[in-house]
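Hi there,

Here is the structure I promised to pass on. Have a look at it first, and then read my notes below.

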Amino acid sequence: MEEQKSRILIVDDEKVNLAILVELLKDKYHTLVAKSGQQALKRAFTAPHPDLILLDVMMPEMDGYQVCRELKNNPATQDIPVVFITAKDTETDEEQGLKVGAIDYITKPFSCPIIRARVHNHLELKRRGDLLKMLSDKDPLTNIANRRCFDNFLRKKWSIVQRAEQSLALLMIDIDYFKDFNDFYGHLEGDQCLKQVAQLMVNIPIRDTDLVARFGGEEFAVVMPLSDEAGAEQLAQKLMTALQQANIAHRHSQVSEQLTFSIGLAVMRPTLDDTIECLIERADKALYQAKHQGRNQYVISS
Ligand SMILES: [Mg+2]
């Protein structure tokens, strides 16, 4: 597959400047342009987000510093490197540019080869940063969110719902008789099975605010911020149906001819005294009960 060209957003209120920079970069990169601060923000907040932003400082209405501050305040754009390209060439100007979060500050008139070289270097750093972030949040086997990502996500969402006095649901999912699956089919087949189950779970249309993660071993978890019991129960039913339809053979399961899982579901509207451990414990207990009652079912924590 051909590597995708990096996207560079060029922001300047003067057409001539935009044209020069586009001409300079368009052979190697996918260039996007914006003629005002507002346009720049609108463009940057829209996915696919740019990989790098070249930003003018002096623009009417909203100047470059303000644009940069807003980009850095938004989680969707805060990691996009911003490079100021400006005629404002005093030490104070440059200091302010770097203080609002820019990675670099280039003064006009600029040298074309140096712009190209700096753009290349910043994009390379961005690419490495993205890769590192992706690797640290993903489970290498199943390619879905890992335990670390789950912990961080849950912690963040927990404090949000706690402050907002809203509820949050957690589903703990465990494949039934997975040890017997491994013993009979072998660990490679076991890995395939985990991959298949993970894929099936992330393909179920859930709200994009939810997170599906591998919790560990043959256990998976779904975090549903701002969800009530009905929403979580609906998802549990969908998961059970999807696995049933996938029809993965498991000849050594004691509950079915095919692979099944058990689900423990807990919903909490946490007060400031409640802890995340308490939520996990409730979902775990419900899961234990589902196992105890014969597996291949979900149980809602009372
Ligand atoms: Mg200008």
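A residue counts as partly exposed when its relative accessible area falls between the buried class, under 20%, and the exposed class, over 50%. Asn296, with a relative accessible area of 34%, is therefore partly exposed. Please keep in mind that this is a predicted model.

Asn296 is worth a look for its backbone as well: phi is near 50°, a positive value in a residue other than glycine. You will find Asn296 in the loop between helix 10 and strand 10. Leu226 is another non-glycine residue with a positive phi, here about 60°, and it sits in the loop between strand 8 and helix 9. Leu226 has 54% relative accessibility, so it counts as exposed.

Those loops lead to the first of two sheets I would like to show you. Strands 7-8-6-9-10, in that order, make an open sheet of 5 strands with mixed pairing. Strand 7 (211–216) and strand 10 (298–300) are at the edges with a single partner strand each, so one side of each has no neighbour in the sheet. On average, neighbouring strands here are turned by 20° against each other, direction ignored. Strand 9 (residues 261–268) pairs with strand 10 in the parallel sense over 3 bridges, and Gly264 has Val299 in strand 10 as its bridge partner.

Two helices pack on this sheet. Helix 9 (residues 229–246) touches strand 6 (168–175), strand 8 (219–225), strand 9 and strand 10, and its direction makes about 170° with that of strand 9. Helix 10 (residues 276–292) touches strand 6, strand 8, strand 9 and strand 10, with an angle of about 145° to the direction of strand 9.

Now to the other sheet. It is open too, with 5 strands in the order 2-1-3-4-5 and parallel pairing. Its edge strands, strand 2 (30–34) and strand 5 (104–107), each pair on one side only. Neighbouring strands of this sheet are turned by 20° against each other on average, direction ignored. Strand 4 (residues 82–86) and strand 5 are joined by 4 bridges in the parallel sense, and Thr86 stands opposite Thr107 of strand 5.

Helices lie across this sheet as well. Helix 2 (residues 37–45) crosses strand 1, strand 2 and strand 3, running at about 165° to strand 1. Helix 5 (residues 112–137) lies across strand 1, strand 3, strand 4 and strand 5, at about 170° to strand 5.

Two cis peptide bonds are found in the loops of this part. One joins Ala47 and Pro48, with omega about -5°; Pro48 is in the loop between helix 2 and strand 3. Another joins Lys108 and Pro109, with omega about 0°, and Pro109 is in the loop between strand 5 and helix 5.

I kept the metal site for the end. Which protein donors does the magnesium ion have? They are Asp13 (OD), Asp56 (OD) and Met58 (O), lying 2.1 to 2.2 Å from the ion. Asp13 lies in the loop between strand 1 (7–11) and helix 1 (15–25), and Met58 in the loop between strand 3 (52–55) and helix 3 (64–73), so this pair ties together parts that are 45 residues apart in sequence. Both count as partly exposed: Asp13 has 28% relative accessibility and Met58 has 45%.

Best wishes

Note on methods. Residues numbered from 1 in each chain as written. Predicted model: local features only at pLDDT ≥ 70, side-chain atom pairs only at ≥ 80, totals over all residues. Heavy atoms only, no water. Donors = N, O, S within 2.8 Å, 3.2 Å for Na, K, Ca; no water. Buried < 20%, exposed > 50% of the residue type's maximum accessible area, 1.4 Å probe, protein only. Pairing = 2+ DSSP bridges. Axes fitted to C-alpha atoms, helices over the stretch in contact; angles between N-to-C directions. Contact = heavy atoms within 4.5 Å.
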